[in-house]
Every structure is written in C-alpha cells, then in structure tokens.
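The following note is offered to a colleague who is meeting this structure for the first time. Its points are numbered so that each can be checked against the model in turn.

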Amino acid sequence: MTTAMILALVVLVAMILMIMFDVLPFGVPPLACCVLIVIFGSVFGGAMPELEKPWDISYAFAGFTNNTVWMLAFFMVILAAIQKTQMINKVKDAMTKLVEIGGFKSYVALLIVVMLGASILGMGSTAFYVLIFSLVVTMPYNDKLPGSKLMLPLGIASNHPLIPINVALQYGVAVSILASAGLGESISMMQFAIVTFFLSVGFFVWAVIGYRFLPSHPVAEPTVENAAALSGDGAATMEPWKEAITIISFVVAIVAMMFVDTLGQLSYIIPGVAAIVMLLIKVLDFTEFRDNLFSPIILMTAGVIPVANCLADSGLSLMVGNAVASVIGTGVPPFVLLLIFTVLCSTFACFTGSQVGIAMIFAPLAIAVCQGLGYNPMAACVAVVLSAWAGHYMPIDGLPAMAYGMGKYTMAEFWKFTIPQYVVRLLFLCAGALIVFPM
C-alpha cells in the first residue's frame, strides 16, 4: 500500500468510528475528516507524488462546490415549505377515517395512503414518520384494527414512496458517488425512481403478508408531544395563493431534477430559484431557510464526497475492489454480488443511523468490485445507495426504535415482521436494479 492509500484508510476508519460511537453530532464527522485530509496533505504531501490533485483545502471541501449538493440543499428548503401545506392534514384525515372502519381492507388502504404521502415527502422524512406514529397512538383501541398492527408497517411505509417522484436525496448521493468514481456515465432520475419503486413494491408485498404475524394489543399511551404533532397549532396557516405557489415550486423543482441530462446547469439551479421564492413570499423565514439549506444531512453529503474522492484518487477503492473480486471469483452471479453489498450497506446503516455516510463508503467499493469483474457498476451503485434506507430490522435508531417503543412490541414480535421484510425488500431491490441496469 502507498502512503496515500494508508492515509485514505485512516480517514475512512476515523469517519466510521466517529459515526458509530456518536463522537460528534450528526453531520460533523465527515467535516472533521475533511480537516484531517488537509492536515495529511500538508504534512505528508511530499510522500504522495502519485496523487494528481494535492490534498489541500479546495480538495478537502470540494463537496461544498458540488452541483448535486447545492441542488439537494435548495430542495431541502422546498421540502420544508411543502410540509406547511395542507397535504399532511389530508393524509391525516384519510388515515383517521380508515382506522375507524377497521379490518384488513382498511389496513391495506392505510399502507397506500402513507406510501402516497411518502411520495411527496421522500424517503427518510423524520417529520412524516413522527406524525404517523403520533396518529396511531392517539387512535382508540379497535379490535378490528389495533394499533400494534399499524405501528410498524405504517412507520416503515413512510419510508417507501408508492410513486417515487421525490427521490432527490438518494439520487443525488448516487450521482455524487458515480462522479467520485470517475465514471462518465450517468443515471437519470427516472431510472433511479423505477428501482426505488421495486423497493417499495417489495415492502408492500411483505406488509400485506406480514399483517397476520403482527400482534394484537394496545400501543403506548398518547403523550403531550403526540398531541402537539397532530394538533397543527405550531404550523403556520398558509394563504391559498401561497400554498398554490409552494406546490407549483415543488413540482417545477422535481421536474427540473428529472431532466438534468437535458437542462444541464439549469436543472441544478431551478430548485435554488424555487427556494428563494419560498423566502420572498414568506412561506419560510430566513432562519428556516438557513437551517434547511445547511441541514445536517447536507453537511454530511458535502463532507463525505471528499472522503470518497480520497479513496478513489489514492487507488484504495480499486485495490480493495480488485482484491474482493479475486476472492469472489468470476463465477459469482451479479444478483448475488448485489445482494452481498446491499446486506453490508444496509446493516451498517441500520446500526449507525448514517445512511448517507455508509452509502458513500460501500457504494464505491461495490463499483470497484464490479469493475474488477467486468460488470456494469450502475446497478450496484443504485442498489447499494437505496439499501442504506432499507435496514429497520434492529430497534436502534430513529424510525425502528420509535416503532418498537411506541408499539410496545417484544423483540420476537418485532423481528417476526422486520427480518422477513428486510430480506424481501433487498430481493426486490436487487432484482429491480438488474432489470433497469443489466450487468
């Protein structure tokens, strides 16, 4: 191994350890690693002549001048604005009526309603799954459709868009990884959305089957926070014209991102125009604008890009990829290869709670292995990135932890639903990725 490879490995391990052990707040570990890159570049620059670009400040913080990062950052502002519209209330009202009716048909309809809500808000929306959980615990106990049969499936449904029109974050991560790997090929948002749809279908199939395996008992008692989440008292009442402009801005931003290959630079900046419109018409104040523009997830995305660049530019990713490829051998089917990397990525993401950071680590490795075996790496990139949002089989962080606690499940009850769901989703995800991007 060269000096550059060793130092890149140190940076990678440092980031993983900081994320796993919560050494720093979410979003900060990659930034700390960017600082470390500059230090290594200054101290050991003379020992790394093989690098085409020096590890200086412009290299270490290049993520903050990345087109995709700014597109995502502006889109986060628009997403904060769209959550102030009446869309959430309509989802809530539809769910309330279905729970009152009860029964299996209502359960399936509830899944569809929540997954449609996720289509607008995207995968991994904390505000959305908190709202779903809050709604479930405030429902009176109903033998026909108890809360324990809703908490887990509806919570995880909030992470699976039925019509994946808002996959901006995950798509941006995949595009950034491909760029870091030096691949000239690109993927369209439409292709990415189709693979996402396969993942959502896999969840829906198991959720329908898994209904019978869910226990029937009351869930946790409502809390003050649950009531606040449903009351809407904290939400601003938006004038109809503002709501119309907000929805139009959201749609325009989505369409612009879908046609990035056609629109070029405009596609990246149109979300910025829409975000500034939200500020001008006072749907968001400057504090909300700033906090969403530079949210922890954006800091994480921008900070991880230089770390991924280090791995690629030093040759470490290619070396590891070739080593893994030689161990696996040429006889491994592409589907099995995808499944191995999606299991690794989703498991690490499940235990660390850092989807973006873990995807940025495992997707480049999967790409390198595919290149070493002579496979098209596009399917691996997309599948591994999406798998980071497809864990949920351990009640450790965020959504699964809240579902486990509020649903009052035992570990046996929790695993009876989540482990088969985990397997089914990854099978559908890998199949979808290979159909859209044959290897």
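**Notes on the predicted model**

1. Lys 242 has a relative accessibility of 12% and therefore counts as buried, since the limit for that class is under 20%. The model in which this is seen is a predicted one. Lys 242 forms a salt bridge with Glu 239, and the closest N and O atoms of the two are 3.7 Å apart. Glu 239, for its part, is partly exposed, with a relative accessible area of 35%.

2. The count of salt bridges comes to three. One of them joins the side chains of Lys 84 and Glu 288, with a distance of 2.8 Å from N to O. Lys 84 lies in the loop between helix 4 and helix 5 (87–101), while Glu 288 belongs to helix 15, so this pair ties together parts that are 204 residues apart in sequence. Glu 288 is partly exposed, its relative accessible area being 25%.

3. Another salt bridge is formed by Asp 291 and Arg 290, whose closest N and O atoms are 3.2 Å apart. Asp 291 is partly exposed, with a relative accessible area of 40%. Arg 290 also counts as partly exposed, at 38% relative accessibility.

4. The largest pocket deserves separate attention. Its volume is about 980 Å³, and 43 residues line the pocket. Which residues lie nearest its centre? They are Met 123, Gly 124, Ser 125, Thr 126 and Ile 297. Several helices give two or more residues to the lining of this pocket, among them helix 7 (126–138), helix 9 (168–180), helix 16 (296–313) and helix 18 (334–352). Helix 4 gives the most, with four residues.

5. The lining of the largest pocket can also be described by residue class. It divides into 24 nonpolar, 16 polar and three charged residues.

6. The structure holds one cavity of 30 Å³ or more. The volume of the largest cavity is about 40 Å³. Its lining consists of Phe 64, Val 69, Trp 70, Ala 73, Leu 293, Phe 294 and Ile 298. By class, these residues divide into seven nonpolar, no polar and no charged. Helix 4 supplies the largest share of this lining, namely three residues. Helix 4 is thus named for the cavity as well as for the largest pocket, to whose lining it gives the most.

7. Two residues of the cavity lining, Trp 70 and Phe 294, appear again in the aromatic contacts. Ring pairs link Trp 70, Phe 74 and Phe 294 into a cluster.

8. How many aromatic pairs does the structure hold? The number is 16. In one of these, the rings of Tyr 404 and Phe 414 have their centres 5.6 Å apart and their planes at 90 degrees, so the pair is edge-to-face. Tyr 404 lies in helix 21 and Phe 414 in helix 22, so the pair ties together parts that are 10 residues apart in sequence. Are these two residues buried or exposed, or does either fall in between? Tyr 404 is partly exposed, with a relative accessible area of 25%, whereas Phe 414, at 0% relative accessibility, counts as buried.

9. A charged side chain is also placed against a ring. Lys 149 lies over the face of Tyr 211, at 4.5 Å from the ring centre.

10. Two points of backbone geometry should be checked. Most residues other than glycine have a negative phi. Lys 282, however, has a phi near 65 degrees, which is a positive value in a residue other than glycine. Lys 282 is placed in the loop between helix 14 (265–280) and helix 15 (286–293). With a relative accessible area of 64%, Lys 282 is exposed, because that class begins over 50%.

11. Lys 408 likewise has a positive phi, near 55 degrees, and is a residue other than glycine. Lys 408 is found in the loop between helix 21 (398–407) and helix 22 (411–436). The edge-to-face pair described above has Tyr 404 in helix 21 and Phe 414 in helix 22, the two helices on either side of the loop that holds Lys 408.

Technical notes:
Residues are numbered from 1 along each chain as its sequence is written. This is a predicted model: local features need pLDDT of at least 70, side-chain atom pairs count only at pLDDT 80 or more; totals for chains, interfaces and linings use all residues. Side-chain values use heavy atoms; hydrogens and water are left out. Buried means under 20% relative accessible area, exposed over 50%, partly exposed in between (1.4 Å probe, protein chains only). On a 1 Å grid over the protein atoms alone, a cavity is a set of points where a 1.4 Å probe fits but cannot get out, and a pocket is an open set with protein on both sides within 12 Å along at least five of seven lines; lining residues have an atom within 4 Å of a point. Grid points are joined across faces, edges and corners, and a volume is the space filled by probe spheres set on the points. Ala, Val, Leu, Ile, Met, Phe, Trp, Tyr, Cys and Pro count as nonpolar, Asp, Glu, Lys and Arg as charged, and the others, Gly among them, as polar. A salt bridge is a side-chain nitrogen of Lys or Arg within 4 Å of a carboxyl oxygen of Asp or Glu. Rings of Phe, Tyr and Trp (its six-membered ring) pair if their centres lie within 6.5 Å; planes under 30 degrees apart count as stacked, over 60 as edge-to-face and the rest as tilted. A charge sits over a ring if NZ of Lys or CZ of Arg is within 6 Å of the ring centre and within 35 degrees of the ring normal.
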